[in-house]
Amino acid sequence: MDTPDTDRDDAMAVGRTLNGEREAFAVLVRRYQGPVYRLMLRFSRDEHEAGEMAQDAFVRAYERLASFDTRRRFFTWLYTLALNLARDRARRVVREPLYRQDLEKIQADPRHDPLASLEAARLLDALRGLAPKYAEALALRYIEDMPLDAVAKTLGLSMSGAKMRVHRALHMLRELYGKEGTP
């Protein structure tokens, strides 16, 4: 995702958008809608709401595009903006455990492997049990497959700070997941 060519293409798309080519912004939306949607889904737990939140993130990015520093990575800027929206939403919503309806939705999918789905739901519930700063670090590193330097930039941490946060988050997740997995 983060390559010099991608960064250059992103900067060009931003420049074209700022020069009035609205369709150039669609390139950025197509390129990053997946990671932004997954981020919002982790926070909202609802596909429809995640879609709306992702759309809000892109609208906000479009509105603030003139403030983007083209020396930075566009994805890092966009992801940080989306993360702030998700955090704002999380502050408004009371945390809830994984509901029976969530499991029923998963089980209703004809493509699902019941055992894998239950394990995935347990793992996701354990991830949601972490403090947001730890859950975000793990999601960026292992769900979005970002290198540690990109995780550090996205979260505003030093490289050693990002390593420490991911390490602690993995440790916490193992403890949470282990406790939930024991009968």
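Is D145 buried or exposed in this structure? D145 is exposed, since its relative accessible area is 60%, and a residue counts as exposed over 50%. I begin with this residue, and I should say at once that the model before you is predicted. D145 belongs to the loop that runs between α7 and α8. Its backbone also deserves attention: phi is near 55°, a positive value in a residue that is not glycine.

Let us move from that loop into helix α8, residues 148-155. Six of its eight residues are buried, so the helix is largely enclosed by the rest of the structure. The buried residues are L148, A150, V151, A152, T154 and L155. Just after α8 comes G156, with a positive phi of about 70°.

I turn next to the interior. In soluble globular proteins, nonpolar side chains tend to be buried together. Here the largest nonpolar core has 45 residues, and V36, M40 and F74 have the most contacts inside it. Two or more residues of this core come from each of α1 (4-18), α2 (23-44), α3 (47-63), α4 (74-92), α6 (114-128), α7 (132-143), α8 and α9 (159-181). The largest share, ten residues, is given by α4.

Helix α4 therefore merits a closer look: its 19 residues, at 1.5 Å a residue, should span 27 Å, and the end C-alpha atoms are 28 Å apart, which agrees. Among the buried residues of α4 are F74, F75, W77, Y79, A86 and R89.

What does F74 contact, once its neighbours within four places in sequence are left aside? The partners of F74 are D10, V14, F25, L28, Y32, L65 and F68.

Two of those partners, F25 and Y32, bring us to the aromatic rings. A pair of aromatic rings is described by the distance of the centres and the angle of the planes. Across the whole structure, a search finds seven aromatic pairs. In one of them, the ring centres of F25 and Y62 are 5.2 Å apart and the planes stand at 70°, so the pair is edge-to-face. This pair links distant parts of the chain, as F25 is in helix α2 and Y62 in helix α3, 37 residues apart. F25 counts as buried, at 7% relative accessibility, whereas Y62 is partly exposed, with a relative accessible area of 33%.

A further pair joins Y32 and F74: their ring centres are 6.0 Å apart and their planes lie at 40°, so this pair is tilted. Again distant parts of the chain are linked, with Y32 in helix α2 and F74 in helix α4, 42 residues apart. Both Y32 and F74 are buried. Ring pairs also place these two in a cluster with F68, F75, W77 and Y79.

One further ring has a charged companion: R141 lies over the face of Y142, at 5.6 Å from the ring centre.

I close with A50, which is found in helix α3. How much of A50 is accessible? The relative accessible area of A50 is 0%, and the residue is buried. Not counting residues up to four places away in sequence, A50 touches Y37, M40, L41 and S44. M40 has appeared already, as one of the core residues with the most contacts. Finally, the C-alpha atoms of A50 and A86 are separated by 9.4 Å, although these residues stand 36 residues apart along the chain.

Key. Residues numbered from 1 in each chain as written. Predicted model: local features only at pLDDT ≥ 70, side-chain atom pairs only at ≥ 80, totals over all residues. Heavy atoms only, no water. Buried < 20%, exposed > 50% of the residue type's maximum accessible area, 1.4 Å probe, protein only. Helix = DSSP H or I, 4+ residues; strand = E, 2+ residues; numbered from the N terminus. Core = buried A, V, L, I, M, F, W, Y, C linked by side-chain atoms within 4.5 Å. Contact = heavy atoms within 4.5 Å. Expected span 1.5 Å × (residues − 1). Phe/Tyr/Trp six-rings, centres within 6.5 Å; stacked < 30°, edge-to-face > 60°. Lys NZ or Arg CZ within 6 Å of the ring centre and 35° of its normal.
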